[in-house]
Amino acid sequence: MDPRLNAFRADLADERLRGRVDATRYVTGQEATVTAGLAPVRREPTPDAPLDTFYQFGEAVLVFETGADFAWCQSLFDGYVGYVDARHIAPGPAPAPTHFVATMGSFRYAESDLRSPVVDFVPRHSAVVAAETGLVTRGTEYARLDPGGFIPLSCLSPERPRSPGHAAAAERYLGCPYLWGGKSFLGIDCSGLVQNAFRDLGATVLRDTDMQRDTIGIAVAITSIDDLRRGDLIYIPGHVLIHAGEGAVIHADGGTMMVRRDHLAALMDARGWSFGDFCVRRPP
């Protein structure tokens, strides 16, 4: 049983896992909402523990344990389990959103003024509650958020943001910095890029490359670049690339530390890859 997707330890486990895992105690997860734009999710309840992913503003989670500094949670978006700063969550069910961040992200300001202090960065897809609109400063309209802060209304939409396909969605991130565990315009890794791209289609896929490789679409055998279609996902151990068509791929590359478009043939030659190294998944 994968501890990334199931909350269990020797001393404590999710009540839903009773009879499937051994633990000293079982608890029912309590609903809560992420209140930070990007809440780091760590493997252990210490600030220097390995970073695995991020929860984002408005995301619903289940909380199984809360300490002085960290809460042990599971995302209700993609199921990822980990420890987040206890200050980054608020108890209670996530409120019904009025809007979603439809740009690549927006800064949240202390006041309805772009010259006021920045409180946070709120990434694309974040679900927000606009408690008040019509707040205009120097021609820019702002929304006051619940639980606080202000975002330009032009960055929000009543509908979730969409792209015509996941390859097109991935192209939105070209040039973004690479960040291990990242999944936003401020920093993203290869599987985070895939997850965010599918989110633009209204689809939720799992977080890490090995999870995606085993669950997205169907496996297809290829022997040449000509066998690939736009949108095919190319997995090698620890990495994933999205075929963009005409022999190009888009990927969050840890070698050059950015999201980039590369010619697959040249990349294979430079890195010593062969078609035998690839596991290709073709989404429906």
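Is Arg108 buried or exposed? Select Arg108 to find out: with a relative accessibility of 8%, Arg108 counts as buried. Keep in mind as you go that this is a predicted model.

**Stop 1: Arg108 and its partner**

Leave Arg108 on screen and add Asp120. The two form a salt bridge, with 3.2 Å between the closest N and O atoms. This pair ties together distant parts of the chain: Asp120 belongs to strand 12 (residues 118-123) and Arg108 to strand 11 (residues 105-109), 12 residues apart. Asp120 has a relative accessible area of 18%, and because buried means under 20%, Asp120 is buried.

**Stop 2: a bridge between two loops**

Now select Asp200 and Arg124. Here is another salt bridge, its closest N and O atoms lying 2.8 Å apart. Asp200 is in the loop between helix 2 (190-199) and helix 3 (209-215), while Arg124 is in the loop between strand 12 and strand 13 (127-128); 76 residues separate them. Asp200 is buried at 1% relative accessibility, and Arg124 is buried at 4%. Next, pick Asp2, Arg4, Asp208 and Asp210, which are joined into one network by salt bridges that share partners. The structure has 22 salt bridges by count.

**Stop 3: Arg9, with two neighbours to see**

Move on to Arg9, which is buried with a relative accessible area of 18%. Its side chain meets that of Asp11 in a salt bridge, 2.9 Å from N to O. Asp11 itself is partly exposed, at 39%. Then add Trp72: the charged end of Arg9 sits over the Trp72 ring, 4.4 Å from the ring centre. Keep Trp72 selected and bring in Phe64 and Tyr83, since ring pairs link Phe64, Trp72 and Tyr83 into a cluster.

**Stop 4: another arginine over a ring**

Select Arg199 and Phe77. Arg199 lies over the face of Phe77, 4.0 Å from the centre of the ring.

**Stop 5: rings around Phe278**

How many aromatic pairs does the structure hold? There are five. For one of them, show Trp273 and Phe278: their ring centres are 6.3 Å apart and their planes stand at 75°, so the pair is edge-to-face. Phe275 also pairs with Phe278 edge-to-face, at 6.0 Å centre to centre and with 90° between the planes. Colour the three by accessibility to finish. Trp273 is buried at 17% and Phe278 is buried at 11%, whereas Phe275 is partly exposed at 25%.

Notes: Residues numbered from 1 in each chain as written. Predicted model: local features only at pLDDT ≥ 70, side-chain atom pairs only at ≥ 80, totals over all residues. Heavy atoms only, no water. Salt bridge = Lys/Arg side-chain N within 4 Å of Asp/Glu carboxyl O. Buried < 20%, exposed > 50% of the residue type's maximum accessible area, 1.4 Å probe, protein only. Helix = DSSP H or I, 4+ residues; strand = E, 2+ residues; numbered from the N terminus. Phe/Tyr/Trp six-rings, centres within 6.5 Å; stacked < 30°, edge-to-face > 60°. Lys NZ or Arg CZ within 6 Å of the ring centre and 35° of its normal.
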